[in-house]
Amino acid sequence: MHRRILLQSAAGFLAAGSLERFRAQAPQAPAVKTVRTNVLEIGYHEFGDAAGFSVILLHGFPDDAHAYDGVGPLVAKAGYRALAVYLRGYGPTRFLDPAAARTAEQAAIGQDVIDFADALQLQRFAVAGFDWGGRAACVAAALHPDRVRAAVVVGGYLVQNTVTPGRPPAPEAVRRLWYQWYFNTEAGRQGLEQNRRGLCAQMWREWSPTWRFSEETFDLTAASFDNPDFVGCVIHSYRHRNFNALGEQRFVEAEQKLAARPPIAAPAIVLYGADDSFGHPDAAVTGADRAVFPRLLEKRIVEGAGHFVPHEKPEPFAAALVDVLRAST
């Protein structure tokens, strides 16, 4: 079970020799659809038959729903319905109330997943994500085990303790997290406002050092950073988790529950990019893994990928989704 992932790992999902041919023929992301919750008008791309079991795909920072342009068609080909969502503050997603605080704490983006599912009348669904999206997936799965059938998460258990400050990070972690300290200053807010594309491109290069993305690929996603709520949501996210901004009152109880590290009951596969500059563990499943993922099927290291795994290597990401969905039936 504990292996370095190969293209063949989907157990008959697609033959290895056909993957690149299929990817070359895969359509671009379909037109943006929107759905309204009580807080947001949420933009998303839909792949596959609406009758198929739904998988909610959640992107990270700084990225957008185009991270799943290569994943969506593969998941749809396997018979599922893939819904690639724009998180709050990105692309076409908008707050309904112009006066609402532009918050993006973990409980908020996790609740957005449930609200999105409710708006589409999805009683049961799977979740998959990385970075912010991985955290939203973990939050939704941990707090709503009756709703989430299966999960694929890049980076492991990403739920944070926003109630009790932890130990100061080690020096190497401090260096890697420079952007968080920057965003906790007023200069950082202004810098993101004035140079959002330059900063985000720098993070793509640093976090995925072996990803040779094209200017066109970056520009397609970077358009989402022009959302008028992008800066506010990003700043709040990084300040709230570092105890420098208050969260919404309606999420106080949820954050307290999350601080206790509730387990994710759904079957799960955890992925790590082999070239992620934040590093990764080995593929052995440990007792600590089982404490938070009691039904963890596997940890997989995705060769040739950095931090943005589905954007960089859609085939193994889609393969993990198909594997966990088949195992959860």
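Which residues lie nearest the centre of the largest pocket? The exercises below treat this and other features of a predicted model, in which local features need pLDDT of at least 70, side-chain atom pairs count only at pLDDT 80 or more, and totals for chains, interfaces and linings use all residues. Residues are numbered from 1 along each chain as its sequence is written, and side-chain values use heavy atoms, with hydrogens and water left out.

**Exercise 1. Describe the largest pocket and its lining.**

Step 1. Fix the terms. On a 1 Å grid over the protein atoms alone, a pocket is an open set of points with protein on both sides within 12 Å along at least five of seven lines, a cavity is a set of points where a 1.4 Å probe fits but cannot get out, and lining residues have an atom within 4 Å of a point. Grid points are joined across faces, edges and corners, and a volume is the space filled by probe spheres set on the points.

Step 2. Identify the centre. Arg-135, Gln-160, Leu-177, Gln-180 and Arg-241 lie nearest the centre of the largest pocket, whose lining comprises 34 residues. The space in this pocket amounts to about 1,100 Å³.

Step 3. Assign the lining to elements, taken as DSSP runs numbered from the N terminus (helices, H or I, at least four residues; strands, E, at least two). At least two lining residues come from each of α5 (171-176), α6 (178-183) and β8 (268-273).

Step 4. Classify the lining. Ala, Val, Leu, Ile, Met, Phe, Trp, Tyr, Cys and Pro count as nonpolar, Asp, Glu, Lys and Arg as charged, and the others, Gly among them, as polar. The lining of the largest pocket then holds 17 nonpolar, 11 polar and six charged residues.

**Exercise 2. Characterise the largest cavity.**

Step 1. Two cavities of 30 Å³ or more are present in the structure. The largest cavity holds about 80 Å³ of space.

Step 2. Its lining has 13 residues, and those nearest the centre are Ile-42, Val-85, Leu-87, Asp-112 and Val-113. The elements β2 (40-47), β3 and α3 each contribute at least two lining residues, and α3 gives the largest share, four residues.

Step 3. By class, this lining divides into 10 nonpolar, one polar and two charged residues.

**Exercise 3. Analyse two aromatic pairs and one charge over a ring.**

Step 1. Rings of Phe, Tyr and Trp (its six-membered ring) pair if their centres lie within 6.5 Å; planes under 30 degrees apart count as stacked, over 60 as edge-to-face and the rest as tilted. The structure contains 31 aromatic pairs.

Step 2. The pair of Tyr-68 and Phe-130 is tilted, because the ring centres are 6.2 Å apart and the planes stand at 55°. Tyr-68 belongs to the loop between β3 (54-58) and α2 (71-77) and Phe-130 to strand β6 (residues 125-130), so the pair ties together parts 62 residues apart in sequence.

Step 3. Buried means under 20% relative accessible area, exposed over 50% and partly exposed in between (1.4 Å probe, protein chains only). Tyr-68 is buried at 0% relative accessibility, and Phe-130 is buried at 0%.

Step 4. Trp-211 and Phe-308 also form a tilted pair, with 5.9 Å centre to centre and 40° between the planes. Trp-211 lies in the loop between α8 (196-207) and α9 (215-222), and Phe-308 in the loop between β9 (296-302) and α13 (309-312), 97 residues apart. Trp-211 is buried at 13% relative accessibility, as is Phe-308 at 0%.

Step 5. A charge sits over a ring if NZ of Lys or CZ of Arg is within 6 Å of the ring centre and within 35 degrees of the ring normal. Arg-149 lies over the face of Phe-53, 4.1 Å from the ring centre.

**Exercise 4. Explain why Cys-200 and Cys-233 are not bonded to each other.**

Step 1. A disulfide is a pair of cysteine sulfur atoms within 2.5 Å. The whole structure has zero disulfides.

Step 2. The cysteine sulfur closest to that of Cys-200 is in Cys-233, and the separation of 13 Å is too far for a bond.

Step 3. Cys-200 is buried, with a relative accessible area of 0%, and Cys-233 is buried at 1%.
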